[in-house]
Amino acid sequence: MSGCSKRCKLGFVKFAQTILKLITGTLSKDKIEDELEMTMVCHRPEGLEQLEAQTNFTKRELQVLYRGFKNECPSGVVNEETFKQIYAQFFPHGDASTYAHYLFHAFDTTQTGSVKFEDFVTALSILLRGTVHEKLRWTFNLYDINKDGYINKEEMMDIVKAIYDMMGKYTYPVLREDTPRQHVDVFFQKMDKNKDGIVTLDEFLESCQEDDNIMRSLQLFQNVM
Amino acid sequence: MAAGVAAWLPFARAAAIGWMPVANCPMPLAPTDKNKRQDELIVLNVSGRRFETWRTTLERYPDTLLGSTEKEFFFNEDTKEYFFDRDPEVFRCVLNFYRTGKLHYPRYECISAYDDELAFYGILPEIIGDCCYEEYKDRKRENAERLQDDLDSENNQESMPSLSFRQTMWRAFENPHTSTMALVFYYVTGFFIAVSVITNVVETVPCGTVPGSKELPCGERYSVAFFCLDTACVMIFTVEYLLRLFAAPSRYRFIRSVMSIIDVVAIMPYYIGLVMTNNEDVSGAFVTLRVFRVFRIFKFSRHSQGLRILGYTLKSCASELGFLLFSLTMAIIIFATVMFYAEKGSSASKFTSIPASFWYTIVTMTTLGYGDMVPKTIAGKIFGSICSLSGVLVIALPVPVIVSNFSRIYHQNQRADKRRAQKKARLARIRVAKTGSSNAYLHSKRNGLLNEALELMGTPEEAHVGKTTSLIESQHHHLLHCLEKTTNHEFIDEQMYEQNCLESSMQNYPSTRSPSLSSHQGLTTTCCSRRSKKTTHLPNSNLPATRLRSMQELSTIHIQGSEQPSLTTSRSSLNLKADDGLRPNCKTSQITTAIISIPTPPALTPEGESRPPPASPGPNTNIPAIASNVVKVSAL
């Protein structure tokens with residue numbers, strides 16, 4: 001009841017104000033609020049020398065990387081939406097957003113929801129210039145969605161499903177419902193040495209190092225930059 | 001401290017000598033300049049236009065790109081200058097900001113381009129100087145409205161896959177163009193509104209005389225017909241109102257909206273008339289209620305955008321109109337009072353009281369001049385003329401306000417409609433470009449693999465054929481290729497896909513085949529993959545060929561497939577080892593798989609498929625027993 005009377009009072013006040021405005025003819029204020037645009041988060045990366053020391057890139061490569069980064073994200077940080085949009089441009093056939101989501105969380109080591117240039121470059125340094133061990137560790141981290149140190153079948157299913165999503169609908173042979181599941185079963189068969197249903201980092205490293213295909217493909221993107 | 005006055009700091013410090021004799025305590029030590037650098041000229045090369053400035057100028061604002069170490073990322077070692085690949089015109093404004101401390105907004109610049117540049121250089125737009133701030137904010141607001149408009153129309157046109165019945169109905173009511181049913185409904189209601197309004201009008205027209213009585217209006221002469229028409233219209237309107245009420249997402253809000261009130265007011269008189277009896281006393285009141293039937297004409301505003309714009313205009317300049325009405329009232333009261341007292345003296349004057357003079361004042365001020373009340377005294381005539389002259393002024397004032405508002409809103413609407421129409425075309429073009437890029441991949445797959453096979457065969461001059469893809473494109477295609485390898489499925493275009501679906505539904509054969517063979521029987525390293533180890537990384541070598549369809553891309557090698565290339569080799573001009581087609585060894589299969597990639601005419605398909613798949617043994621001693629699908633779990 002009190003709420004009702006309060007509402008009535010508010011309504012009456014507003015009505016009186018409208019009448020007053022009509023009489024005195026005050027000009028209407030701007031409807032769209034002038035929101036202060038102080039929300040522009042601007043992040044500057046550390047100096048070039050420091051980054052050069054921390055990563056395996058040369059100055060020139062860092063410059064090239066930064067220019068591309070800054071072009072897409074002038075504020076200095078990438079958020080998940082922008083990251084997904086950028087990544088989706090490379091895969092026009094299917095839906096790359098799920099995989100981009102997992103990628104983003106692998107890049108965003110501090111789980112802040114935004115990737116700064118330093119994080120970006122550190123991860124790239126591992127992926128392109130790191131040792132095999134480092135690369136595999138990063139990949140393990142990518143697969144381990146909840147970051148608990150183990151990969152279980154559900155996590156792997158999610159990742160593989162995300163990869164298959166990128167293929168889109170028009171594939172040959174036709175993508176069936178259980179194709180990702182079969183893929184994951186094979187994977188687990190190979191990786192899970194002690195058959196306990198989860199893959200630990202050591203099992204992962206060991207299995208990958210045994211497989212020549214994987215080893216070779218890890219070297220594939222060496223000269224990406 | 002404002003950066004501009006930093007240059008005067010040495011003077012202020014020197015002037016501090018004046019305090020020294022008076023000071024009580026010893027002075028603190030002065031800070032030394034640790035890195036005493038000579039101020040140097042920095043060259044900023046912005047898309048070819050060179051700007052030069054002092055380093056200290058840029059360092060005035062250390063939280064921007066140019067003032068911080070971030071600009072080192074753009075330093076070009078060879079030319080010893082900072083190169084920015086941005087717009088030099090806007091950079092002029094940005095650099096002036098460092099020099100003068102005031103950021104200006106050039107009028108000719110597009111607002112979003114300017115905002116992008118400011119974001120790039122790390123400058124907050126809030127520091128735009130007062131001289132340009134208003135213009136900047138106005139443009140920004142227009143832009144925001146435009147974006148909001150786009151977003152709204154996008155939301156409207158989103159085809160949400162699972163809309164409940166209620167939601168589809170509401171959408172049909174709001175946008176009649178969404179479905180044919182909605183359009184039909186729209187036109188039917190429009191028609192009935194027109195019919196209802198016309199009946200109301202015609203009802204009162206005198207309709208010829210019945211012999212022996214006076215002239216009757218049509219409504220009374222054909223009362224039954226009119227009653228039936230009225231009933232029909234009200235039925236339709238009631239049904240429409242109830243349907244809208246049912247479909248509305250927020251019924252409470254719907255009931256309060258203007259349109260629904262108009263609807264209710266339009267149909268109420270009929271129901272009240274039904275309920276009320278033919279009592280003489282109340283029928284007088286009932287007749288006045290019928291006046292409300294004319295509100296049905298307002299229902300047309302759902303059908304006409306112009307009416308809606310007019311209504312919106314009046315609403316938006318309500319405060320201006322209200323003020324003008326108030327000032328008009330004041331003027332009326334003043335002049336009515338003056339006229340009353342001026343005409344009080346004259347005999348038989350019509351100005352019996354001040355409220356009676358209101359009518360004269362209003363008629364005079366709006367320049368109507370009926371002439372039913374005229375002043376007779378001289379004073380009255382003088383004040384009367386002043387009244388009519390001022391009336392012209394007061395009446396003329398609201399018109400431009402309304403006109404300018406109407407014009408603005410109308411043009412905004414026009415622009416919104418134009419944008420919506422253009423948007424469709426633009427989205428269609430974007431979609432075409434997108435499919436173009438995916439088609440580009442499929443196209444280059446056929447040619448690109450051809451390239452690599454040719455390179456292998458060592459024919460450099462032919463390798464140049466089709467080498468038109470840029471490095472970026474070829475890297476992108478390599479990425480897509482890796483994805484194909486990861487999932488062991490291939491990209492094909494829509495037509496092929498439909499054809500495959502059709503064929504697979506016709507004959508179950510393919511569908512049983514592919515999964516069984518693609519079911520990964522372990523990551524057995526096969527002959528092919530072992531081959532690929534020795535050679536350089538060739539995607540071809542792992543690519544199997546299957547039963548052919550026309551225009552087929554490369555896909556998994558089945559054992560039987562190895563024999564089929566022999567059919568295609570004859571058609572290919574690049575076939576070098578046609579005879580060896582049946583005896584697949586490592587090298588041949590590489591070449592033959594490349595040849596398969598040439599689009600084969602449909603005529604081959606029946607031949608290809610009529611061949612029964614041979615059993616695994618036989619001439620396949622060189623080829624491993626099981627399908628050579630290799631599943632690579634790639635890292636990225």
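**Exercise 1. Determine which elements cover the buried residues of helix 3 of chain A, and whether the span of this helix agrees with its residue count.**

Solution. The cover of the buried residues of helix 3 of chain A includes, from chain A itself, helix 2 (48-54), strand 1 (77-79), strand 2 (114-116) and helix 6 (117-129). It also includes strand 3 and helix 4 (111-121) of chain B. The model under study is a predicted one.

The residues concerned are next identified. In helix 3 of chain A, the buried residues are A:E61, A:L62, A:Q63, A:L65, A:Y66, A:F69 and A:K70. An α-helix has 3.6 residues a turn, so residues three or four places apart point the same way.

The last step is the span. Helix 3 of chain A runs over residues 59-72, and at 1.5 Å a residue its 14 residues should span 20 Å. The end C-alpha atoms lie 20 Å apart, so the expectation is met.

**Exercise 2. Establish the strand order of the four-stranded open sheet in chain B and explain which strands stand at its edges.**

Solution. The order of the sheet in chain B is 2-1-4-3, and its pairing is mixed. Strand 2 (49-54) and strand 3 (75-76) each have a single partner strand, so one side of each lacks a neighbour in the sheet.

Consider the edge formed by strand 2 of chain B. Strand 1 (residues 41-46) of chain B pairs with strand 2 in the antiparallel sense over six bridges. Within this pair, B:L44 has B:F51 as its bridge partner. Two residues separate strands 1 and 2 of chain B, which form a hairpin. In the turn, B:S47 has a positive phi of about 50°.

Consider then the edge formed by strand 3 of chain B. Strand 3 pairs with strand 4 (residues 81-84) of chain B, again in the antiparallel sense, over two bridges. Here B:F75 is bridged to B:Y82 of strand 4.

**Exercise 3. Describe the packing of helix 15 against helix 16 in chain B.**

Solution. Two packed helices are described by the angle between their axes and the distance between the axes. For helix 15 (residues 354-365) and helix 16 (residues 378-396) of chain B, the axes come within 7 Å and cross at roughly 60°. Helix 15 of chain B is therefore oblique to helix 16 of chain B.

The contributing residues follow. Helix 15 of chain B supplies B:Y360, B:T361, B:T364 and B:M365. Helix 16 of chain B supplies B:G384, B:C387, B:S388, B:S390, B:G391, B:V392, B:V394 and B:I395. Sorted by class, this contact holds six nonpolar, six polar and no charged residues.

**Exercise 4. Classify B:E484 and B:C132 as buried or exposed, and list what each touches beyond four places in sequence.**

Solution. B:E484 belongs to helix 19 (residues 471-487) of chain B. Its relative accessibility is 3%, so B:E484 counts as buried, the cut-off being under 20%. Leaving out residues up to four places away in sequence, B:E484 touches A:M167 of chain A. Within chain B, B:E484 touches B:Y441, B:K445, B:H489, B:E490 and B:F491.

B:C132 belongs to helix 5 (residues 130-157) of chain B. With a relative accessible area of 12%, B:C132 is also buried. With the same sequence neighbours left out, B:C132 touches B:H104 and B:Y105. The C-alpha atoms of B:C132 and B:K102 are 9.9 Å apart, and 30 residues separate the two along the chain.

How values were computed. Residues numbered from 1 in each chain as written. Chains lettered and ligands numbered in written order. Predicted model: local features only at pLDDT ≥ 70, side-chain atom pairs only at ≥ 80, totals over all residues. Heavy atoms only, no water. Pairing = 2+ DSSP bridges. Axes fitted to C-alpha atoms, helices over the stretch in contact; angles between N-to-C directions. Parallel < 35°, antiparallel > 145°, perpendicular 65-115°, else oblique. Contact = heavy atoms within 4.5 Å. Nonpolar A, V, L, I, M, F, W, Y, C, P; charged D, E, K, R; others polar. Expected span 1.5 Å × (residues − 1). Buried < 20%, exposed > 50% of the residue type's maximum accessible area, 1.4 Å probe, protein only.
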